[in-house]
Amino acid sequence: MSDRELSCTNTAGQFMDRGRMNQNGVVQPLLTDLYQITMAYAYWKSGKTDDHAVFDLFFRTNPFHGEFTIFAGLDECLKFLDSFHYSDSDIEYLKQTLPEGTENEFFDYLGNLTAKDVTLYAIDEGTVAFPRVPIIKVEGPLIIVQLLETTLLTLVNYASLMATNAARYRMVAGKHVNLLEFGLRRAQGPDGGLSASKYSYIGGFDGTSNVLAGKLFNIPVKGTHAHAYITSFSGIGELKTRLLKHKTTGVTGDLLELAVQYRQALSQLLDVSMEESSEGELAAMVSYAIAFPDGFMALVDTYDVKSKNAKNNENLNVTNTTTTTTTIANTKIKPNNKVTTSKSLDVSQNDNKKHLSNGIQTSPPSQQPHHINGNGLEKMHDANCDTFKNSHSNGNSNHKTGTRNGLRTSASTPSQPSCNLNTRNICKENNSQKPLNQSPSSLLPKYVVKSYRSGLLNFSAVALALNDLGYRAVGVRIDSGDLAYLSCLARETFERVGENFKVPWFSKLTIVASNDINEDTILSLNEQGHKIDCFGIGTHLVTCQRQPALGCVYKLVEINGQPRIKLSQDVEKVTMPGHKNAFRLYSADGHALIDLLQKVTEPPPAVGQKVLCRHPFQESKRAYVIPSHVESLYKIYWQNGKIVQPLPRLEQVRERVQMSLKTLRNDHKRTLNPTPYKVAVSDNLYNFIHDLWLQNAPIGELS
């Protein structure tokens, strides 16, 4: 059995240790399309084993309606070349798969085939790339470079798409907001999940929830807990331990007792009724804080309680974004105020109060404050603040169901207002003014904020209790609701708590937001003035939902020194023939001006010398460029059977991405209507392409 097969057999995670490199055991010569093997046989049968070919790997269009692409996946391509070899079991499988009559000598030829005669040129991984400029060039014996096609494409396509997507998230989020990749559970299988973690980190993310990716690629691993942890506790009686030693003195303290005392004081400070907070949630947070006193970060939106008055406003549909009905620990509250459950919960009810086994106690509907009559959402908007008005025009909605910052609303009804608490000065209600001297949460209907009030109250109580024992909490995670408003509410709450209890660091607690966030969501949140410190992004990032594939292609451009061109009625699909070099020309201010392709026999452009740059297919589009700096894009990375350039660490590739992006003007990088970056050919190459085009294009006949 070969080394590759032994390594794959012994590695459950499909990754094998090849010295300093982690090579995915799935990436092997049989990870290809069948027609590559059948073409190889036809080449061999035709006596073309000594033919020498050049292939270009490039893409035709930038992804995500943008004007740049990040090249990634080169290290995996080089590892593939390093391990390229058909094992004995591969040959046996191919003998059974190829048509009967395939000569045995061909299988002997495959068994001895390696990549030692291949030369691979590439731009540096992590560099900004543009359409039609080859990001990889492969030359060598025709059969072997043909067999490399599919595998190289699958290693580059998703990697570059993923790195580009991550880089776009980083740009819209800004430098001072952390980004975490949370997409493993939504990725296209385990390999997709691992690749997403790796290339999102290259693109600018700060960490991942993927533990295996952390081990394999040395990426920081981050995580908190799920709603399940909160709902697994129904009351403080379930706590097995409530004691925690002081961090410095070692004296044991009762964390629960401290938290309960702080909760009472906080209830008055924050104007939150004790009956509105869940004791099960408090117990869960105490338990988690005891387990991780130095890393206490809690999910604060597990419970969602709707008031009776909401039954008259069912069309408002203001709920947790992950559900279509309001739930309390799997309990559904129906408009008739009867509590039903699909789980074995102990739920009783009398005329005055509802007691739930999870420790939540709510007033009967008749006692609920902040009633909204009939179709009173418009009045509710007036009662909140003026600054929410911009949130209705953020452009982040669809025809039937609008989604804004995680809050889904009926398209027929305006969505929940988002307020910038630092700029709001007055509230208007029924055309009267009154000062903003009440708690921020009182400005929202109770059925919108109760869950959040419970979570914030319990978190703050536990965090203050931890502080008494020498520990500092990390922060909170919000996974539903109006993220702009709720992050502002959380920040103002933390500032008030820190000021009242003389704990200055409390105002700086981290606020993490998750919940199906995409690029447009972050842009909208930026416009509304959020207070989020970190985004956890999963589905839209790892699946690249805005564009699921990059579309790299691998085209023959030269064989035995003779250029080859692919013609098409679609000019975009016409290839640029011949072995070419690529140069990036820079302006005096350091920004990239244009990428220039030219024949390898041409001298490179010189600094300060006028260069004629032409559109490859449109005769009238041309310009002179006098570069202040010229960068040769290609380096030889593989030659004579070995890697000939030092491979950068993942951190270095990540840094290169940001450095390369800085060379682009902002108008090339902007989200809306970016300016296309120019790719040109030299005058010599232009004439060469069009002469060859005329030679190969058939001449029609009219009759």
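**Surface, strand pairing and helix 2 in a predicted model**

The accessible surface of the protein chain amounts to about 31,800 Å², and 48% of that area belongs to carbon and sulfur atoms; areas come from the Shrake-Rupley method with a 1.4 Å probe, and for residues only the protein chains shown count as cover. The model is predicted: local features need pLDDT of at least 70, side-chain atom pairs count only at pLDDT 80 or more, and totals for chains, interfaces and linings use all residues. Residues are numbered from 1 along each chain as its sequence is written, and side-chain values use heavy atoms, with hydrogens and water left out.

Of the 703 residues in the protein chain, 54% are buried (under 20% relative accessible area; exposed is over 50% and partly exposed in between, with a 1.4 Å probe and protein chains only). Among contacts (heavy atoms within 4.5 Å) between residues at least 6 apart in sequence, 73% join residues at least 24 apart. The secondary structure comprises 20 helices and 35 strands; these are DSSP runs numbered from the N terminus, with helices being H or I of at least four residues and strands E of at least two.

Strand 23 (residues 475–478) pairs in the parallel sense with strand 12 (residues 297–299) over three bridges, where pairing requires that DSSP finds at least two bridges between two strands. In this pairing, Gly475 of strand 23 is the bridge partner of Met297. Strand 23 also pairs in the parallel sense with strand 24 (residues 510–513), over four bridges, and Val476 stands opposite Ile511 of strand 24. Strand 23, helix 15 (residues 483–500) and strand 24 form a right-handed β-α-β unit; right-handed denotes a path from the first strand over the helix to the second that runs clockwise, with the strands pointing away from the viewer.

Helix 2 (residues 34–45) has twelve residues and an expected span of 16 Å at 1.5 Å a residue, which agrees with the 17 Å between its end C-alpha atoms; the expected span is 1.5 Å times one less than the number of residues. Its buried residues are Gln36, Ile37, Ala40, Tyr41, Tyr43 and Trp44. Seen down the helix axis, these fall within an arc of 160 degrees and so line one face of helix 2; the arc is that of the directions from the axis to the C-beta atoms. Their cover includes helix 4 (88–97), helix 5 (104–111), helix 6 (142–147) and helix 7 (149–173). Gly47, which follows helix 2, has a positive phi near 75 degrees.

Ser287 lies in helix 12 (residues 279–291) and is buried, with a relative accessible area of 18%. Not counting residues up to four places away in sequence, Ser287 touches Tyr229, Phe233 and Leu239.
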